[in-house]
Each structure stands twice: as structure tokens, then as C-alpha cells.
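Below are some comments on the model, set out as numbered points for discussion. Please read them with the sequence and coordinates at hand.

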Amino acid sequence: MTGYVVDFLLVATLVIGFTALMGVTLNGIGERLLSHKRRNEFVVRSNRTQEGWNKVGGKKK
């Protein structure tokens, strides 16, 4: 019975790990191949929106 539980946990860990790794890998490949010129579109929009905002928090030097 112990062997079954160990085998089950090992296979479950491998399946979850493989699935997570494939998701990250395929997402990176998709962004590189399909995004073309729009790779930084949302970063640029966010920076444009935050332009001129005051810095908040932290210690004043």
C-alpha cells in the first residue's frame, strides 16, 4: 500500500510539474512568435498613463 501511495504522489508531481513547465514554455514561445511589434504595448500604455504622477510613500531624503 505504501508503494502505491509513493507511486501515485510521484506521478502526480511529475504530471503537475510537466503541465506547469509546458504552459510557461509555450506562453513564451507564443509571445515571441505572435506578438511582433506589439510586445510592449501594455507597458507603454501604462507608462503613458502614469506620466506626471507624484511619487507616494517611502522616506524623503
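Is Glu41 buried, partly exposed or exposed, judged by its relative accessibility? The answer is given in the first point, together with the contact that Glu41 makes.

1. This is a predicted model, and its single salt bridge is a convenient place to begin. Glu41 has a relative accessibility of 24% and therefore counts as partly exposed, given that the buried class is reserved for values under 20%. Its partner is Arg45, and the closest N and O atoms of the two are 3.0 Å apart. Arg45, at 47% relative accessibility, also counts as partly exposed, since a residue has to be over 50% to be called exposed.

2. The setting of this pair is helix α2, which covers residues 41-49. Because Glu41 and Arg45 are four residues apart in that helix, about one helical turn separates them. An α-helix has 3.6 residues a turn, so residues three or four places apart point the same way.

3. A similar spacing occurs in helix α1, where Tyr4 and Phe8 are four residues apart and therefore separated by about one helical turn. A search of the whole structure finds one aromatic pair. It is formed by Tyr4 and Phe8, whose ring centres are 6.4 Å apart and whose planes meet at 20°, so the pair is stacked. The centre distance should be read against a cut-off of 6.5 Å for pairing. Both Tyr4 and Phe8 are exposed.

4. Helix α1 itself runs over residues 2-34, and its length can be checked. At 1.5 Å a residue its 33 residues should span 48 Å, and the end C-alpha atoms are 47 Å apart, which agrees with that expectation. Within this helix lies Thr25, which counts as partly exposed because its relative accessibility is 36%. Thr25 and Leu9 are 16 residues apart in sequence, while their C-alpha atoms are 24 Å apart in space. Just after α1, His36 takes a positive phi of about 55°.

5. The surface also carries a nonpolar patch, formed by Phe18, Met22, Leu26, Ile29, Leu33 and Leu34, which together have about 630 Å² of accessible area. One of these residues, Leu33, is found in helix α1 and is exposed, with a relative accessible area of 58%.

6. For the chain as a whole, the secondary structure comes to two helices and zero strands. The radius of gyration is 22 Å, whereas a compact globule of 61 residues would have a value near 10 Å. Along its principal axes, the C-alpha trace spans about 65 × 40 × 15 Å. Buried residues make up 2% of the 61 residues, and the chain exposes about 6,400 Å², of which carbon and sulfur atoms supply 64%.

Technical notes
Residues numbered from 1 in each chain as written. Predicted model: local features only at pLDDT ≥ 70, side-chain atom pairs only at ≥ 80, totals over all residues. Heavy atoms only, no water. Patch = residues over 30% accessible without salt bridge, like charges linked within 9 Å, V, L, I, M, F, W, Y side chains within 5 Å. Areas by Shrake-Rupley, 256 points an atom, 1.4 Å probe, with all protein chains shown as cover. Salt bridge = Lys/Arg side-chain N within 4 Å of Asp/Glu carboxyl O. Buried < 20%, exposed > 50% of the residue type's maximum accessible area, 1.4 Å probe, protein only. Expected span 1.5 Å × (residues − 1). Phe/Tyr/Trp six-rings, centres within 6.5 Å; stacked < 30°, edge-to-face > 60°. Rg over C-alpha atoms; globule rule 2.2 N^0.38 Å.
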